[in-house]
Amino acid sequence: MSSPSSKNPHTPGRIGDSSVNLFPHLPGYSDPTTGILSWLPRSLIPYGQLMRIDKPAGVYAFYFPYLFGIMYAACIAPTAPSPYTLLRLVSILLPFNVLLRGAACSWNDTIDKDLDRRVERCRHRPVARGAVSTTAAHVFTALQLAALYPMLATFPTPCRAHMAIIVTLFFVYAFMKRITSYPQVVLGFPVAWSIFFCIAALDMDPFGPRIASTLALFSASILWTIVYDTIYAHQDVKDDEKAGVKSMALRFKNSTKILAGSLAVSMVVLLVLCGVWVGCGMLYYAGITGVAAALSYYIYDVDLGDPKSCGAWFHDQFWFVGVPLIAAFTGEYVSRVAAL
C-alpha cells in the first residue's frame with residue numbers, strides 16, 4: 001500500500017479524519033530517501049514505519065532486558081549453563097524482540113491514530129496519515145505475533161505463558177495514556193516481565209528459591225523504564241496537553257528530574273540488593289557503579305525543554321546504562337564459570 005503525500009492542501013474535517021492537517025505550517029509527508037526505509041518498495045514503507053525498523057532505540061528497550069535477564073538467570077542457575085547455550089538464546093531473542101517490538105508499535109499506532117494526528121512528532125505515522133487502514137494494521141500486528149511462534153516454540157513450555165502475559169500487558173498499555181497519568185508504570189511491567197521469561201528459558205521457576213533477588217531485578221527494570229520513558233515523553237508535552245494525552249511527563253513536568261533522580265537511586269539500591277542476595281562478587285558491583293554513574297549523568301545532562309535532547313538521550317542511555325548492567329551479570333557469570 002503506497003503512502004500518500006501530505007503536501008497537498010487539506011480540507012476541513014473532523015480530528016479523526018486523516019485528511020485533516022493540524023500542522024499546516026509544517027512540511028508535509030514525503031517518503032524517506034535515506035536509511036533502511038528507503039531500501040523498501042514504496043508499498044512496504046508504511047509497514048516498515050509501523051515496525052519502527054528505522055528507529056533502533058525501541059529494539060534496545062525490548063532486547064536489553066532479555067540480555068541482562070539471561071545473564072542473571074545464568075548466575076542463579078544451579079549448574080552454570082554453557083556459553084554456547086547463552087549465545088543461542090540471545091541470538092534467538094534478537095529477531096524475536098524485533099518482531100515483538102514491531103507488533104507492539106503497530107498495535108499502539110493503530111489505537112493512537114486519532115491522538116497521533118494531534119501531536120507534531122507523531123502526525124506522519126502510517127495509520128494516522130491514512131497510509132495504512134486500521135484493518136490492515138491489525139492484520140499486520142497479528143502476522144508479526146504469528147511469526148513469533150516458531151521462535152517461541154524453541155523455548156521451554158513455561159515461557160509461552162510468560163510471553164502471553166507480556167503481549168497482553170503491551171496491548172493493555174496502549175490504552176493507558178487515556179486513563180491514567182502513570183502509563184510509564186504500566187509500560188514497565190511487560191518490559192520487566194522479560195526477567196521471568198529468561199529464568200524460565202533456563203528451565204527454572206522464576207518464583208522459586210531466588211524470588212527475592214528476582215523481584216529486586218524486576219523492580220529495578222520497572223524503575224529504569226519509568227525514568228527513560230518519562231524523559232522521552234517530554235518531547236511531546238505541549239501537544240500531549242492539548243490532545244488530552246496523559247503521562248508522567250505532564251504529571252511531573254516541573255519536577256521530572258527530581259522524580260527521575262529518586263527513581264534512579266531506588267533502582268541502584270535494588271540492583272545492589274539483587275547482587276547481595278545472589279552473592280555476587282566485585283565484577284558485578286563494578287558494573288552497577290557504571291550504571292549509577294551513567295544514570296546520574298543522563299538525568300543531569302538531558303534538557304527536558306529540548307525535544308532533540310530528550311530523543312537523543314533516550315537512544316544513548318540504553319548503551320550507557322544498559323551495557324554496564326549486562327556487563328555486571330556477565331562478569332559474575334564468567335567469574336563463576338572460571339571458579340569451576
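Reader: Before we start, what makes two aromatic rings a pair here, and how many aromatic pairs does the count come to?

Author: Rings of Phe, Tyr and Trp, the last taken by its six-membered ring, pair if their centres lie within 6.5 Å. This is a predicted model. By that rule, the count of aromatic pairs comes to 31.

Reader: Nice. Is the pair of tryptophan 313 and phenylalanine 320 stacked or edge-to-face?

Author: A pair of aromatic rings is described by the distance of the centres and the angle of the planes. For tryptophan 313 and phenylalanine 320, the centres are 5.8 Å apart and the planes make an angle of 65 degrees. Planes over 60 degrees apart count as edge-to-face, so the pair of tryptophan 313 and phenylalanine 320 is edge-to-face.

Reader: And in that pair, which class of exposure does phenylalanine 320 fall into, and which does tryptophan 313?

Author: Buried means under 20% relative accessible area, and exposed means over 50%. Phenylalanine 320 has 45%, so it falls in between and is partly exposed. Tryptophan 313 has a relative accessibility of 8%, so this residue counts as buried.

Reader: Which ring does the charged end of arginine 251 sit over, and which one does arginine 129 lie over?

Author: Happy to take them in turn. The charged end of arginine 251 is 4.9 Å from the centre of the ring of phenylalanine 252, and sits over that ring. Arginine 129 is placed at 3.7 Å from a ring centre, over the face of tyrosine 29.

Reader: Turning to cavities, how much space lies in the largest cavity?

Author: The count comes to one cavity of 30 Å³ or more. The space in the largest cavity is about 30 Å³.

Reader: Which helix gives the most residues to the lining of that largest cavity?

Author: The lining includes Ala61, Phe62, Tyr66 and Asn97. Helix 2 (57–76), helix 3 (83–111) and helix 8 (183–192) are the elements that give two or more residues to it. With three residues, the one that gives the most is helix 2.

Reader: How do the residues of that lining divide into nonpolar, polar and charged?

Author: Asn97 is one of the lining residues, and Asn is not in the nonpolar or charged groups, so it counts as polar. The lining of the largest cavity divides into one polar, no charged and seven nonpolar.

Reader: Finally, is threonine 256 buried or exposed?

Author: Threonine 256 is found in helix 13 (residues 256–278). Beyond its neighbours within four places in sequence, threonine 256 is in contact with Thr230, Ile231, His234, Ala249 and Leu304. Its relative accessibility is 2%, under the 20% cut-off, so threonine 256 counts as buried.

Definitions and conventions. Residues are numbered from 1 along each chain as its sequence is written. This is a predicted model: local features need pLDDT of at least 70, side-chain atom pairs count only at pLDDT 80 or more; totals for chains, interfaces and linings use all residues. Side-chain values use heavy atoms; hydrogens and water are left out. Helices (H or I, at least four residues) and strands (E, at least two) are DSSP runs, numbered from the N terminus. Buried means under 20% relative accessible area, exposed over 50%, partly exposed in between (1.4 Å probe, protein chains only). Contact means heavy atoms within 4.5 Å. On a 1 Å grid over the protein atoms alone, a cavity is a set of points where a 1.4 Å probe fits but cannot get out, and a pocket is an open set with protein on both sides within 12 Å along at least five of seven lines; lining residues have an atom within 4 Å of a point. Grid points are joined across faces, edges and corners, and a volume is the space filled by probe spheres set on the points. Rings of Phe, Tyr and Trp (its six-membered ring) pair if their centres lie within 6.5 Å; planes under 30 degrees apart count as stacked, over 60 as edge-to-face and the rest as tilted. A charge sits over a ring if NZ of Lys or CZ of Arg is within 6 Å of the ring centre and within 35 degrees of the ring normal.
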